[in-house]
Amino acid sequence: MIKKAFVQMGFYLRLFLTDRATLLIFCISVFLFLFCMANLNRGADEMAAIPLGLIDQDKTEKSEELVRRLKSLESFLVKSGTYGELVTLLEGGEIRCILEIKEGYQNAVSAGKYRELICVYHEEGDNVATLVTDIAAGEMMYDICQAHAYFAYEKLPEGEKEKFSREEYETYAASLIGGEDFDFAFDFRFVEEGGGERREGLKSSLFYRQIVAAMAAMLFSLFAMSAMAVVCQQKESGITKRAFLLGMGRGSEAVGNLLACTLLSMVLAAVFAICVGAGMGEWKKIFPIFWTSAVFSVMMSLIYYLLAKAAGGLFLYQIAGTLVLAVLGICGFCSIVEGVLLPDFPKWFHLLPNCAYLRGIVKILK
């Protein structure tokens, strides 16, 4: 049976590879898929971030450190420039606001002050400035609290050892960061569905990568539907019947067709996994994404194989396949906004292939 299955797989692939038009369309689809996924994935971070302009009027060690922190935040897409250049971007809608680090920032922070350290310029009626200010304040809070901690330390009476100077105190405090006993941090706590705490926060680009994954699922499904149309064509032309007369079993025929379709689908799965892994800069996630995509492709290949065998002809198969593609695709997109824009769905809803695939991708990308 295994030998016959591989014979059927080879026959399927030879038919596919000798059809130059189909092969050309497949190659073009792979390259377009590569281009689209790479650009969509690269744009996920930018789409998920607040574009803002940043001006450092202080140009001191503390202000430059704040600039580095703000640029490293996933919540912000920071653009630098002169005030005039940034105002032009603001008026053109390319940035949402301008964040200005005021002159004297380092002296003010060192003195423990927390008011009038930065200015935010924005268009009237745009409340994003409040969000930007709160996020920026969180990045300044450690330095401010460290200054207040030193003032309290300075008031302590002399002990057995001589007190640290301000520079020594800050050097010692900096050396503690990352140590086993250091648990001070300004951060949000994220809780899993079961109540357990997550060690890492949710990424703001996760929603957009879910959209990318949903589009990838649609493309995998569309390819499985197109590939399994060969089964209908073989049945209508009498090839399948002649193969059965020559000793090809139904199990061997089914396994062979599924293996061939899965092998071709894995090319797209590999492209998608490499694009997402490279775009995120996390190469270790490439294989889990590839494996999840490959399993999903097998599921869709099986669904469309059964549909091709049940359909009375190629035309009916195309109509039924398009309907299945649309329904599963809509369900996949609905699962992304479930509980936010749409009410919670029954538990069976999450068993649908597209919904299960998206949940698997989200678990990998978290």
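These are my notebook entries on a predicted model, written as I looked things up.

**Entry 1: the salt bridges**

I began with charged pairs. Side chains of opposite charge can pair when their charged atoms come close. My count for this model came to three salt bridges.

Asp-143 pairs with Lys-62, and their closest N and O atoms are 3.6 Å apart. I noted that this pair links distant parts of the chain, since Asp-143 sits in helix 6 and Lys-62 in helix 3, 81 residues apart. Are these two partners buried or exposed? Asp-143 is buried, with a relative accessible area of 5%. Lys-62 also counts as buried, at 16%.

Next I looked at Arg-69, which forms a salt bridge with Glu-65. Their closest N and O atoms lie 2.6 Å apart. Both residues belong to helix 3, four residues apart, or about one turn of the helix. Arg-69 counts as buried at 19% relative accessibility; the cut-off for buried is under 20%, so Arg-69 falls within it. Glu-65 is partly exposed, with a relative accessible area of 23%.

Arg-69 has a further partner to write down: its side chain meets that of Asp-143 in a salt bridge, at 3.6 Å from N to O. Arg-69 lies in helix 3 and Asp-143 in helix 6, so this pair ties together parts that are 74 residues apart in sequence. Which residues end up in one network? Through salt bridges that share partners, Lys-62, Glu-65, Arg-69 and Asp-143 are joined.

**Entry 2: positive phi values**

I then turned to the backbone. Most residues other than glycine have a negative phi, and most peptide bonds are trans. With that in mind, I stopped at two residues.

Lys-59 has a phi near 50 degrees, which is positive although the residue is not a glycine. I found Lys-59 in the loop between strand 1 (50–56) and helix 3 (61–72). Lys-59 is exposed, with a relative accessible area of 62%.

Glu-116 is my other case, with a positive phi of about 55 degrees, and again the residue is not a glycine. Where does Glu-116 sit? I placed Glu-116 in the loop between helix 5 (105–110) and strand 4 (118–122). Glu-116 counts as exposed too, at 68% relative accessibility.

**Entry 3: patches on the surface**

I looked for charge on the outside and found a patch of negative charge on the surface, where Glu-158, Glu-162, Glu-167 and Glu-168 gather. I picked out Glu-162, which is in the loop between helix 6 (128–154) and helix 7 (166–176). Glu-162 is exposed, with a relative accessible area of 73%.

There is a nonpolar surface patch to record as well. Which residues make this patch of about 420 Å²? They are Phe-287, Trp-291, Val-295 and Met-299. I followed up on Met-299, whose place is in helix 12, residues 286–310. Met-299 is partly exposed, with a relative accessible area of 34%. Patch members need over 30% relative accessible area, so Met-299 qualifies on that count.

**Entry 4: cysteines**

A disulfide is a covalent bond between the sulfur atoms of two cysteines. How many disulfides did I find in this structure? The tally is zero. I still checked the surroundings of two cysteines. Cys-119 counts as partly exposed at 23% relative accessibility, and Cys-145 is partly exposed with a relative accessible area of 29%.

**Entry 5: a contact across the sequence**

My last lookup was Gln-210, which lies in helix 8 (residues 206–227). Gln-210 counts as buried, at 15% relative accessibility. I also checked Gln-210 against Leu-358, which is 148 residues away along the chain. How far apart are their C-alpha atoms? The separation is 6.8 Å.

**Looking back**

If I reopen this notebook, I will start again at helix 3 and helix 6, where Arg-69 pairs with Asp-143. After that I will return to the patch made by Phe-287, Trp-291, Val-295 and Met-299.

How values were computed: Residues numbered from 1 in each chain as written. Predicted model: local features only at pLDDT ≥ 70, side-chain atom pairs only at ≥ 80, totals over all residues. Heavy atoms only, no water. Helix = DSSP H or I, 4+ residues; strand = E, 2+ residues; numbered from the N terminus. Buried < 20%, exposed > 50% of the residue type's maximum accessible area, 1.4 Å probe, protein only. Patch = residues over 30% accessible without salt bridge, like charges linked within 9 Å, V, L, I, M, F, W, Y side chains within 5 Å. Areas by Shrake-Rupley, 256 points an atom, 1.4 Å probe, with all protein chains shown as cover. Salt bridge = Lys/Arg side-chain N within 4 Å of Asp/Glu carboxyl O. Lys, Arg positive; Asp, Glu negative; His and termini not counted. Charge placed at Lys NZ, Arg CZ, Asp CG, Glu CD. Disulfide = S-S within 2.5 Å.
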